[in-house]
Amino acid sequence: RTAPRLLRQSPGLSTAAIVTLALGIGANTTIYSFADAVMFRPLDVPHADRIVHVYARRDQPGTFPVSLAEYQAYRGRTANFEALAAHYPTAPLHALIAGSPEALTGAVTTASYFDVVQVQPAIGRFYSAEEDRVRERDAVAVISYRLWQRRFGGEPGVVGTPITLNGRVFTIIGVAPPRF
């Protein structure tokens, strides 16, 4: 009885307390949902238990991505892995799609990336080993299924369409599967 009476006596304080609680609960729910989706759930790829993520070691504390030179050295000298791929997240990517700007999240990957995670394109193809050998020879891109549906209306003719990413024109060669 006392608590409701006190809440009614100072509505400003009550509103502030309720809003603070709601924001705190909402923020925690968002953070833990993100952490669950990104860190705690297994990858949605076949044999995810056989995939390892390799980091470089430096003098500073923390983890660092492996450089392209280190990746190439590992690829050429190791027999410990069935396959080896590299990816480097790039966010945001500033995209220009049909004259309309958009910020996207993406990654630069090696041609072997999709083979390692064992996925097939929804349409088109993934990168070839030849496209991987010569830096900046072919500016090609694979887009997500969600982007394909949202910005291109699921049009199968999207393969071959130009897309500008960070000021450079790329040609779309494929669409990743929906679950990827």
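Gln-118 is partly exposed in this predicted model. Its relative accessible area is 37%. The residue sits in the loop between α4 (113-116) and β3 (123-124). Gln-118 is not a glycine, yet its phi is positive, at about 55°. A positive phi also appears at Asn-166, again in a residue other than glycine. Here the value is near 50°. Asn-166 lies in the loop between β5 (162-165) and β6 (168-175). With 46% relative accessibility, Asn-166 counts as partly exposed, because that class runs between the 20% limit for buried and the 50% limit for exposed residues.

The secondary structure consists of six helices and six strands. Along the sequence, these elements follow the order α-α-α-β-β-α-β-α-β-α-β-β. Three helices therefore precede the first strand in this pattern.

The overall dimensions were compared with those of a compact globule. For 180 residues, such a globule would have a radius of gyration near 16 Å. The protein has 23 Å. Its C-alpha trace spans about 75 × 45 × 30 Å along the principal axes. Separation in the N-terminal part can be illustrated with one pair. Ala-3 and Ala-56 are 53 residues apart in sequence. Their C-alpha atoms lie 57 Å apart in space. Ala-3 belongs to helix α1 (residues 2-9). Its relative accessible area is 48%, so Ala-3 is classed as partly exposed.

Burial and contacts were examined next. Buried residues account for 24% of the 180 residues. Contacts between residues at least 6 apart in sequence were also considered. Of these, 54% join residues at least 24 apart. The accessible surface comes to about 12,900 Å². Carbon and sulfur atoms contribute 58% of that surface. The protein carries 18 positive and 14 negative charges. The mean positions of the two sets are 11 Å apart.

Glu-102 provides a case of a buried acidic side chain. The residue is located in strand β2 (residues 100-109). Its relative accessible area is 17%, which falls under the 20% cut-off, so Glu-102 counts as buried. The side chain of Glu-102 makes a polar contact with the side chain of Arg-151, at 2.3 Å. Beyond residues up to four places away in sequence, Glu-102 touches Leu-93, His-94, Ala-95, Ile-97, Leu-147, Arg-150 and Arg-151. Arg-151 thus appears both in this set of neighbours and as the polar partner of Glu-102.

Technical notes:
Residues are numbered from 1 along each chain as its sequence is written. This is a predicted model: local features need pLDDT of at least 70, side-chain atom pairs count only at pLDDT 80 or more; totals for chains, interfaces and linings use all residues. Side-chain values use heavy atoms; hydrogens and water are left out. Helices (H or I, at least four residues) and strands (E, at least two) are DSSP runs, numbered from the N terminus. The radius of gyration is taken over C-alpha atoms; the globule rule is 2.2 Å times the number of residues to the power 0.38. Buried means under 20% relative accessible area, exposed over 50%, partly exposed in between (1.4 Å probe, protein chains only). Contact means heavy atoms within 4.5 Å. Accessible areas come from the Shrake-Rupley method with a 1.4 Å probe; for residues, only the protein chains shown count as cover. The place of a charge is taken as NZ of Lys, CZ of Arg, CG of Asp or CD of Glu. A polar contact is a pair of N or O atoms within 3.5 Å; within protein, one must be able to donate a hydrogen and the other to accept it, and residues adjacent in sequence count only if both atoms are side-chain atoms.
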